[in-house]
Amino acid sequence: MLKNILSSWSSDPDFLKNCYWQVEQEYSGCFDDFPPGLASPVKTTLQKMGIRSLYAHQIKCWEAVKAGNNVAISTTTASGKSLCYNLPVLDSMSRDPNSRALYIFPTKALAQDQQQNLNRALSLATQSSEFSFRSSDHLIGVYDGDTPQSKRPEIRTKARLLFTNPDMLHTAILPHHTLWAEFFQHLRYVVLDEVHSYRGVFGSHVANVIRRLKRISGFYGAHPQKILTSATIANPNELSSRLIGEEVTLISQSGSPRGKKNFILYNPPLLNEELGIRASAVSESIRLASELLARNIQLIFFTRSRRSVEMTLRRMASNHSLNPEDTRGYRSGYTPRVRRQIENGLKNGEVKAVIATNALELGVDIGGIDAVIMAGYPGTIAAARQQAGRAGRRFEEGLAILVASNSPLDQYLFQNPAFLFENPPEKALINPDNLLVLLHHLRCAAFELPFDENSLYGSVSPEMLNDLLAILAQEGILYLSGGKYYWMADQYPANKISLRTATSDSVSLVVQHEDGNKIIGQVDATSAHWMVHPGAVYLHEWDTYLVKTLDLETNTATLKASNLDYYTEPRLQNTIECINVIKDSQVTGGTNNFGEVLVTTQLIGYKQIQWSTNIVLNNTDLLLPPTNLRTTAFWLTLNQDTTNHLLNLGVWRSAPNNYGNLWPRIRDQIRKRDHYQCQVCGEFEEQRPFHVHHKIPFKLFARQELANQPDNLITLCPKCHRAAELSVRVRSGLAGLSHLLRHLAPIFLMCDVSDLGAHMEYNCPFANHQPTVIIYEQVPAGIGLCREIFNNYEILVASALQRVKECACMDGCPACVGPAGADGLGAKEETTVILDVLAKTQQD
């Protein structure tokens, strides 16, 4: 079936002109015999599983572990990384009845999936009298939030191989280590799977959890080896070393076989070249998914956010009458039971398509999937390759399609496909010594074991550690006695600290029913302000809910099931204050700065937008308490010479439009001329008058009468007008520069666009009242992203200039300078001039 549709696309000129098609040929693999020192019961188990030899990287891992090294394995998706750690662990357990191992997975789903896989393998082993383990002896124990309380004591005493996740290790195991004394005393191996997911705030937290784990295991006299696995990233060695605080041996050459892989980078066709309007990435992805499903090709459809999962499901259901059991959503917030049901449905073929966030990117075993569609670039080369790696059964052909959105980042990649296919993946950045994160975990560590004045904690210097402990003592959390710092506060610290965010609060989503209330999920407290404010529409798989109340004191949002024909978008307002300048440098055209800022965000209202037309039905004002974020930022300030240069060229404009007194009459004449019909999609007016749009933006004309000439005006329906406005409505080149820098920076950082915020000030109070673009981290205290922007400024500016010059639009579009406020104009020319000035030294 897949070969047929690939053949059809390869002979379709309309499809080919909009795509870049790369084929990765099949690889037969590199195999080796079982190592001579492998325990006989383990070898027998492998043979019963049908395994007669090992991949080359599995052998290398075995040898490195046996040499006493910590090991990091960074190979492609589905390359047998789990066997790399299972072999030495099971070998050790078959020889030493006291040996223990701790398996840490980033999610409950992955831990439970891997436990089931290992249990199946060991069920074969029990058929061999050589093997001394039985499931009744609790060889494997899963200890997570779904583990019944009644089973936990037995797991603590009997489990020799423990499956868990960082959150559970943080809140339920380390704080109660005395209940696990025997386990920690005999701990031989610690496995961290999918460590590429431990980046940013999450990774910084996990590194501190590992520091605490090492303190506790050392207290019981154990110093376990660490085995880490990762998808392909630029710095697996560095990331692994920072996570565990020790050196690692890296194994990165995969010996596993793979089938032929078709990777297609697809750019949606232009609907109106003059206005820069393209078909949306989601619409084109749905169309391609429908073609594949019509031929019974099983697929995963990756989207960028939880909300887009639900919106895509709704659109696919309304357009194609899909059976809800055949096409499912998959994201965080679903109950474990629902997620297991979906995973099993993919394995057995009952589920034909899953609309998913990157929650399904990790190594959950879902069998072989024929095709993967990515609606928009997932943010990093590593993530794109990881998601694409889901496509294709081991020896069969697979298909991965990345459908480009109209963002500058996606369009840059389409114009430069070698960046995606030939460049190494990005770095995964963490900062375990982020002060906010560090203080959280020092509280937890002190609760678990006292600190003495000579204690060490990761890479924190003894002087800094003593200073921080003294601060906690001054707060009344610790007290110093006999040279040791003891915990003295009443509260239990780990339970109040979330590893997934820098803050700890979350909001429960409670649905009101006649027969009682039901919790369907939760969101972090910061996101709650824009996701579940009163009046918000909240989507959960096939269901729609209207948020009735949001109580920030009890951290509860009440929802009611509703059948609505609209969705909502929040209206947010930001202000930024400078706290401290850490670094600055003079550059051509201005000044670069890196420092600390305070970002204040306030919800000021929300829009109700009709599903079918994307027309804004209503704007509602709503004030919620502001949220404050102290973080790090990069900011670029243009100097007076640059603004004078723009003024002299006549491209520095920010005044509001004044269409003139005759505009109402002119507008009606154009609508009549165009027969009250949208000139893009062909729709006719019905109840509401259509809009009249300036093809060449109004502000590019010296006089009103020139801008309002009939040949510069066109009738558009609200939906097409909105798309056209998004293509060209930019307040200034400063806004274009802000949009470009924010959207291109993630190419050079292993982060998502949403990890960064952008702000601009024409008269910035902390930059001598000069025009300034500010890029800030959406994480308290930052994790180093903006420092990297400061350090890689020249590369970023050069890439931005390349993107804006390569874009074929006339006067700006979402693929280059991007959208902004309603009183702006397309600013491609102005942004180009600014970038020419900033890049002048590089060009010279």
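In this predicted model, the charged end of R188 sits over the ring of Y189, at 4.6 Å from the ring centre. A comparable arrangement involves R152, which lies over the face of Y143 at 5.4 Å from the centre of that ring. Y143 in turn belongs to a cluster, linked by ring pairs, that also takes in W180, F183, F184, F219 and Y220.

Aromatic contacts are a good way into this structure, and a search of the whole of it finds 24 aromatic pairs. One of them joins F451 and Y457 in an edge-to-face arrangement, with 6.2 Å from centre to centre and 65° between the planes. Both F451 and Y457 are buried. The pair formed by Y659 and W663 is stacked, because the ring centres are 5.1 Å apart and the planes meet at 25°, under the 30 degrees that counts as stacked. Y659 has 30% relative accessibility and so counts as partly exposed, whereas W663, at 10%, counts as buried.

A word on confidence helps in reading the model. The mean pLDDT of the protein is 86, and 90% of the residues reach 70 or more. Among the elements, strand β8 (residues 187-192) has the highest mean pLDDT, 98, while helix α29 (residues 840-843) has the lowest, 58. Two stretches call for care. Over residues 132-136, pLDDT stays under 50, and the model has eight contacts beyond four places in sequence for them. Residues 726-731 also stay under 50, and here the model has 43 such contacts. Where pLDDT is low, the predicted coordinates should not be read in detail.

Conventions:
Residues numbered from 1 in each chain as written. Predicted model: local features only at pLDDT ≥ 70, side-chain atom pairs only at ≥ 80, totals over all residues. Heavy atoms only, no water. pLDDT = per-residue confidence, 0-100. Helix = DSSP H or I, 4+ residues; strand = E, 2+ residues; numbered from the N terminus. Contact = heavy atoms within 4.5 Å. Phe/Tyr/Trp six-rings, centres within 6.5 Å; stacked < 30°, edge-to-face > 60°. Buried < 20%, exposed > 50% of the residue type's maximum accessible area, 1.4 Å probe, protein only. Lys NZ or Arg CZ within 6 Å of the ring centre and 35° of its normal.
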